[in-house]
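Q: Please show me how salt bridges, a helix and a buried residue are read from a model.

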Amino acid sequence: MEIRIFEKLPVYAVDIRNEVFVKEQGFYDEFDSEDKGAIHLVGFVGDRSVATSRIVYRIGIGYFITRIAVRKAYRGNGYGAMIVAAAEEIIKKLGGNEVLIHSQEQAAGFYERIGYSRTGETDSEQGCPHCMMKKAL
């Protein structure tokens with residue numbers, strides 16, 4: 001998978017996030033003000049965009065990898081782990097030594113397999129259970 005980096009929200013990421021979060025999972029408030037200042041990553045297989053994530057820095061908290069998504073037809077090929085690893089490398093280059101992910105509860109096992117640990121209570125985002133996860137870089 002080839003990963004491209006964008007300073008503005010690209011249409012490729014919009015398409016993946018609409019497909020995964022809005023159509024598949026039923027989230028209604030997918031796009032937010034953090035899109036504007038984020039670093040966006042999109043993974044391509046050939047000319048098809050298949051995975052996305054974004055890096056957000058929250059003052060006083062740190063670096064987050066958010067909006068991690070892989071198109072359904074491409075899951076199970078390691079693309080989620082690849083897009084997260086690429087974001088982690090960027091965060092390291094920016095001077096970050098840890099990263100946070102506000103994970104959907106159903107995806108927490110995936111993040112644990114790639115080195116993340118739960119760091120708090122389960123909460124709800126748009127009616128979906130989420131948990132905070134952290135990884136030292």
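A: A salt bridge is a side-chain nitrogen of Lys or Arg within 4 Å of a carboxyl oxygen of Asp or Glu. The whole structure holds 16 salt bridges. This is a predicted model, in which local features need pLDDT of at least 70 and side-chain atom pairs count only at pLDDT 80 or more, while totals for chains, interfaces and linings use all residues. Residues are numbered from 1 along each chain as its sequence is written, and side-chain values use heavy atoms, with hydrogens and water left out.

Q: Which parts does the salt bridge between Glu34 and Arg58 tie together?

A: Side chains of opposite charge can pair when their charged atoms come close. Glu34 and Arg58 meet at 2.8 Å, N to O. Glu34 lies in helix H2 (residues 34-37) and Arg58 in strand S3, so the pair joins parts 24 residues apart in sequence. Helices (H or I, at least four residues) and strands (E, at least two) are DSSP runs, numbered from the N terminus. Both residues also belong to a salt-bridge network whose members include Arg17, Asp32 and Arg67.

Q: Is Ser53 buried or exposed?

A: Buried means under 20% relative accessible area, exposed over 50%, and partly exposed in between (1.4 Å probe, protein chains only). Ser53, in strand S3 (residues 48-58), counts as buried because its relative accessibility is 1%. Among the residues that Ser53 touches (heavy atoms within 4.5 Å) are Ile83 and Ala87.

Q: Which residues of H3 are buried?

A: An α-helix has 3.6 residues a turn, so residues three or four places apart point the same way. The buried residues of H3 are Tyr79, Gly80, Ile83, Val84, Ala86, Ala87, Glu88, Ile90 and Ile91.
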